[in-house]
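User: Please take a close look at one strand of this model and its surroundings. I would like one connected account.

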Amino acid sequence: IMRKLILTVFVAIAAIFSLNAQTMFGAKVGGNFASIIGDDTENLDVRTIFHVGIVAEIEVSDKFSFQPELMYSAQGAKYKDSEDGGFLYDGTFKLDYLNVPLMAKYYVSEGFSLEAGPQVGLLLSAKDDWEGTSESGEDDIKDDIKSIDFGVNVGIGYKLEGGLNLGARYNLGLSDINDFETSGKNQNGNIQVSVGYFF
């Protein structure tokens, strides 16, 4: 599935290049306010971490651009477990992805854009890092998390003269991340704030 999707992306990009579209390349980095949403998530909290990667903006017209990205994105959630009001342990689900957002950008005014588009993510690693009153540990949970994650992004951006750009985006996971038998369904949710530069 991932291979077919990447091939489709490259074909689409090649088709746009064939129109002699103007293209800029850049990089960006920023903060993730990641969470896991869905069923039985009352004890989960936001994990504050980061993302970093490369981008290309392909101008389709004066108002529209296509922006494919390749992002390393650390996600997951924090949690705290208790029993009868007493503390047991707390920890962090550390889910690391290689994400490919495919963003359509509409410039509503000079430099200011609205963005939306699908995203596919490849799971790189998944760990449960926990600490209790008398012991701690880190468990590999990659077998419990699906290797491919599908989502959709919506956001805003502002591009300054000289190449500097700012952005804010929300990624809503569309697919269940659980890869084990469960009656519930959980998705990734992630607010991203980033700063980038086009060369």
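Analyst: The account below centres on strand E9 and moves outward from there.

The model is predicted. The protein chain holds one helix and 10 strands. Along the sequence, the pattern reads α-β-β-β-β-β-β-β-β-β-β. The chain has 199 residues, of which 42% count as buried.

Start with the strand itself. E9 covers residues 164–173. Its side chains alternate between two faces. Asn165, Gly167, Arg169, Asn171 and Gly173 point to one face, and these are buried. Leu164, Leu166, Ala168, Tyr170 and Leu172 point to the other face and are not buried. Note the residue types: the buried face of E9 carries Arg169, along with Asn165 and Asn171. The leucines of E9, Leu164, Leu166 and Leu172, sit on the face that is not buried.

Now the partner before it in the chain. Strand E8 spans residues 148–159. E8 and E9 run antiparallel and are joined by nine bridges. One position to look at is valine 152, which stands opposite leucine 172 in E9. The two strands form a hairpin, with four residues between them. Glycine 162 lies in that turn and has a positive phi of about 100°.

Next, the partner after it. E10 runs from 186 to 198. E9 and E10 also pair in the antiparallel sense, over nine bridges. Here glycine 167 stands opposite serine 194 in E10. Glycine 167 belongs to the buried face of E9.

The connection between E9 and E10 is a loop, and aspartate 179 is found in it. Is aspartate 179 buried, exposed or partly exposed? Aspartate 179 counts as partly exposed because its relative accessibility is 44%, and partly exposed covers the range between 20% and 50%. Aspartate 179 also joins a surface patch of negative charge. The other members are Asp139, Asp140, Asp143 and Asp144.

That patch leads to E7, which holds residues 136–140. E6 and E7 pair in the antiparallel sense over five bridges. Aspartate 129 has glutamate 138 in E7 as its bridge partner. Three residues make the hairpin link from E6 to E7. E6 covers residues 112–132 and is joined to E8 by 11 bridges, again antiparallel. In that pairing, glutamine 119 has glycine 151 in E8 as its bridge partner.

Return to the open face of E9. Leu164 and Leu166 are among the members of a nonpolar surface patch of about 890 Å². The patch also takes in Val29, Phe50, Val52, Tyr158, Leu160, Val195, Tyr197 and Phe199. Strand E3 (47–59), E9 and E10 each supply at least two of its residues.

The end of E10 offers a clear contrast. Phenylalanine 198 is found in E10. With a relative accessible area of 6%, phenylalanine 198 is buried, because buried means under 20%. Its C-alpha atom is 4.1 Å from that of glycine 26, although the two residues are 172 apart along the chain. Phenylalanine 199 lies in the segment after E10. Phenylalanine 199 has a relative accessible area of 71% and is therefore exposed, the cut-off being over 50%. Phe199 is one of the residues of the nonpolar patch.

In short, E9 pairs with E8 and with E10, buries one face, and contributes to the nonpolar patch through the other.

Technical notes
Residues numbered from 1 in each chain as written. Predicted model: local features only at pLDDT ≥ 70, side-chain atom pairs only at ≥ 80, totals over all residues. Heavy atoms only, no water. Patch = residues over 30% accessible without salt bridge, like charges linked within 9 Å, V, L, I, M, F, W, Y side chains within 5 Å. Areas by Shrake-Rupley, 256 points an atom, 1.4 Å probe, with all protein chains shown as cover. Salt bridge = Lys/Arg side-chain N within 4 Å of Asp/Glu carboxyl O. Lys, Arg positive; Asp, Glu negative; His and termini not counted. Charge placed at Lys NZ, Arg CZ, Asp CG, Glu CD. Buried < 20%, exposed > 50% of the residue type's maximum accessible area, 1.4 Å probe, protein only. Pairing = 2+ DSSP bridges.
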